[in-house]
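Visitor: I'd like to learn how to read this fold piece by piece. Could you walk me through it?

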Amino acid sequence: MPKEPLIVESTDHLMEKRMVAGPFFQTLLDTVESLGISRGLLASRIACPESALEKVKELVPQSLYLSVLSAGRALTQDQYFGLHLGEKVRPGTYAVLGHTLISCSTLGQALQQVLRFEGLVHDLGTSTIRVNADVAEFIWNHHYLGSAWERDLDESTFAGMVTFAHWLAGKPVPISSISFTHAAPANTAEHQRIFQTEILFSQSENKICFPVSLALWPVTKADTSLFPVLEKHAKHLLSQKQSQQGLVGEVKRVLLPR
């Protein structure tokens, strides 16, 4: 097992530029606090000013997010910390993307927005979709395979997706199976409680398999009249972000529409 860092100090220039949205970071802080850890204790553990955790900015360095993720598991001693973090997801967690999702008419349309605008939430990784006959596969690729953060990133992401999908649909959504790249923990009862499907560990990719028909499910209580406005705003914010990323941003700007 890799040693779990509490303070992330990296000379990787990509790590230094990667960010997460403030509301996404806020959900992590709220989860740690809900498990009995004060902001003061958390700040002391990761050697940062408490003010950095009390007044969350619009964008937060990814290194700070990962430090709190590590410290959260260590301080709470919650072996299912990532799963419980994912269960705390709400529309506001995903900032502009979250509000865009609840204005979609179907789950399929919502999933399309995740693929388009997930970069507004974090730079932790990217998602793709594969469709095989009547089964679709949502694959999440992040930058930290084999790291101390791998399990919590995997489990919080997929628990968050499933929690949000249930919320959008107004009822549990059927999942065919879930695959994780990290090894299985000693007890997977909590995974079964949340996902209620076949769960595979030590796989080649992080993947959620679900029936293609799920894409046609309606989003309950959706205000679809807001979608054009929110989509336009999300596109503007993404364009801004890509412009700020220089050459990499320009390549994405040209290739993404194709």
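Guide: Happy to, and let's begin with a helix on a sheet. Helix H9 (residues 150-169) lies across S4, S5 and S7, running at about 140° to S4. Keep in mind that this is a predicted model.

Visitor: Which strands make up the open sheet, and in what order?

Guide: For a sheet, read the strand order and then the pairing sense. Here five strands form an open sheet with the order S3-S4-S7-S5-S6, and the pairing is mixed. Strand S3 (125-132) and strand S6 (198-200) are the edge strands, each pairing on one side only. On average, neighbouring strands of this sheet are turned by 15° against each other, direction ignored.

Visitor: Which other helix packs on the sheet?

Guide: That's helix H8 (residues 107-117), which touches S3, strand S4 (135-142) and S7. The direction of H8 makes about 140° with that of S3.

Visitor: How many of the residues of H8 are buried?

Guide: Eight of the eleven, so to speak of it as mostly covered is fair, going by the cut-off of under 20% relative accessible area for buried. The buried residues are Leu107, Gly108, Gln109, Ala110, Leu111, Gln113, Val114 and Phe117. They pack against helix H7 (95-101), S3, S4, H9, S7 and helix H11 (227-244).

Visitor: Let's go strand by strand. How many bridges join S3 to S4?

Guide: Look for the ladder, then for its partners. S3 and S4 run antiparallel and are joined by eight bridges. One bridge pairs Gly125 with His142 in S4. The hairpin of S3 and S4 has two residues between the strands, and Ala133 takes a positive phi near 55° there.

Visitor: In what sense do S4 and S7 pair?

Guide: Antiparallel, over six bridges. Phe138 has Ile208 in S7 as its bridge partner.

Visitor: And which residue stands opposite Ile208 in S7?

Guide: Ile178 does. That takes us to strand S5 (residues 177-179), which pairs with strand S7 (residues 206-211) in the antiparallel sense over three bridges. Ser177 belongs to this story too, with Cys209 in S7 as its bridge partner.

Visitor: Why call S7 largely enclosed?

Guide: Count its buried residues. Five of the six residues of S7 are buried, so the rest of the structure largely encloses this strand.

Visitor: Now the nonpolar interior. Which residues have the most contacts inside the largest nonpolar core?

Guide: Start with the size of the core, then pick out its best-connected members. This core has 68 residues, and those with the most contacts inside it are Phe25, Leu28, Leu42, Tyr65, Val68, Leu153 and Phe195. H9 gives the most to the core, with eight residues.

Visitor: What is Leu42 in contact with?

Guide: Set aside its neighbours within four places in sequence, and you get Leu29, Val32, Ile37, Leu53, Val68, Ala71, Gly72 and Leu75.

Visitor: What about polar side chains? Is Ser156 buried or exposed?

Guide: Check the accessible area, then look for polar partners. Ser156 is found in helix H9 and is buried, with a relative accessible area of 9%. Its side chain reaches the backbone oxygen of Asp152 at 2.6 Å, and that of Leu153 at 3.4 Å. Leaving aside neighbours within four places in sequence, Ser156 is in contact with Gly82, Leu85 and Gly86.

Visitor: And Arg73: buried or exposed?

Guide: Buried, with a relative accessible area of 13%. Arg73 sits in helix H5 (residues 62-76), and its side chain reaches the backbone oxygen of Gln79 at 3.4 Å.

Visitor: How many disulfides does a search of the whole structure find?

Guide: Zero. As for cysteines, Cys48 is buried with a relative accessible area of 18%, and Cys104 is buried with 0%.

Visitor: Last, the overall tally. How many helices and strands are there in the protein?

Guide: Twelve helices and seven strands. Of the 258 residues, 49% count as buried. Among contacts with a separation of 6 or more, 70% come from residues 24 or more positions apart.

Note on methods
Residues numbered from 1 in each chain as written. Predicted model: local features only at pLDDT ≥ 70, side-chain atom pairs only at ≥ 80, totals over all residues. Heavy atoms only, no water. Disulfide = S-S within 2.5 Å. Buried < 20%, exposed > 50% of the residue type's maximum accessible area, 1.4 Å probe, protein only. Pairing = 2+ DSSP bridges. Helix = DSSP H or I, 4+ residues; strand = E, 2+ residues; numbered from the N terminus. Axes fitted to C-alpha atoms, helices over the stretch in contact; angles between N-to-C directions. Contact = heavy atoms within 4.5 Å. Polar contact = N/O pair within 3.5 Å; in protein donor to acceptor, adjacent residues only side chain to side chain. Core = buried A, V, L, I, M, F, W, Y, C linked by side-chain atoms within 4.5 Å.
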